[in-house]
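The following questions and answers introduce one molecular structure to a reader who has not met it before. Please look at the sequence and the model before reading on.

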Amino acid sequence: MKMIDVIISRRNTKQFKPTPIPEEKLISWLDTASYAPNHRMNEPWELLIIGPDTRAKLKHKTDFGGAPIVLVILSKPAPTSFERDENVMAASCFAQNFLLAAHEEGIGGYWSSLGALPHNRDILGVPKNHDVIGVFGMGYPDEVPTARARTSIMSKITYLS
Ligand SMILES: Cc1cc2nc3c(=O)[nH]c(=O)nc-3n(C[C@H](O)[C@H](O)[C@H](O)COP(=O)(O)O)c2cc1C
């Protein structure tokens, strides 16, 4: 696929086949994602790969659509709110890279924000002051949602003199 097609065709996937994903594939997409932009090369992302006990405790409404892999992307804390925001930005770039790398190989991702809720942070053992970028179910899609139309980009652009 051309990069432009990878970007446009990625969808937040909510129903997965149980087909397992080889560990080395997962690691390769995460490794690719590490080439995300990040200020001062601080690489602020950290990962939690969720096992069955932790997954059950999260009580997600559809158990992440039956995804064979569930993982969490965290962003490291920083001494100032400015740098913390930068870390969240870089970790979000990492997340998008990860989703696109997986999607290119036919794997869908389910981005859920439930990990940021206080009781779920406790279940996940998220260290104090780390930000939760998201909890991601990953697997071969059983259903691929239709893309929802985007607002014309022209309405988002302001030209400055
Ligand atoms: C920060 C963030 C949090 C999100 N949290 C959720 C979520 O909790 N549940 C969910 O169904 N989708 C969540 N999504 C996915 C969006 O709903 C999805 O990207 C959006 O509907 C556009 O669909 P698309 O990704 O298929 O283009 C989240 C996306 C982002 C960027």
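**Strands, core and ligand shell**

Q: Which residue in S5 is the bridge partner of isoleucine 73?
A: This is a predicted model, in which local features need pLDDT of at least 70 and side-chain atom pairs count only at pLDDT 80 or more, while totals for chains, interfaces and linings use all residues. Residues are numbered from 1 along each chain as its sequence is written. S3 and strand S5 (residues 131–139) pair in the antiparallel sense over 7 bridges; strands (E, at least two residues) and helices (H or I, at least four) are DSSP runs numbered from the N terminus, and two strands pair if DSSP finds at least two bridges between them. Within S5, the partner of isoleucine 73 is glycine 134.

Q: Which residue of S3 is the bridge partner of isoleucine 49?
A: Strand S2 (residues 45–49) runs antiparallel to S3, and 5 bridges join the two. In S3, isoleucine 49 has as its bridge partner leucine 71.

Q: Why is strand S3 largely enclosed by the rest of the structure?
A: A residue is buried if 20 or more other C-beta atoms, placed from the backbone, lie within 10 Å of its own, exposed if 12 or fewer, and partly exposed in between. Strand S3 covers residues 69–75, and it is largely enclosed because the number of its 7 residues that are buried is 6.

Q: Is glycine 51 buried or exposed?
A: Glycine 51 lies in the loop between S2 and helix H3 (52–58). It has 9 C-beta neighbours inside 10 Å, so glycine 51 counts as exposed.

Q: Which element gives the largest share of the largest nonpolar core?
A: A nonpolar core is a set of buried Ala, Val, Leu, Ile, Met, Phe, Trp, Tyr and Cys residues joined through C-beta atoms within 7 Å. The largest one has 27 residues, of which Ile73 and Phe94 touch the most other members. Two or more residues come from each of helix H2 (23–33), S3, helix H4 (81–104) and S5. The largest share, 7 residues, is given by H4.

Q: How many charged residues are in the shell around the ligand?
A: The residues around the ligand, those with a C-beta atom (placed from the backbone) within 6 Å of it, are Arg11, Asn12, Trp111, Ser112, Ser113, Gly134, Pro145 and Ala147. Ala, Val, Leu, Ile, Met, Phe, Trp, Tyr, Cys and Pro count as nonpolar, Asp, Glu, Lys and Arg as charged, and the others, Gly among them, as polar. By class, the shell has 3 nonpolar and 4 polar residues, and the number of charged residues is 1.
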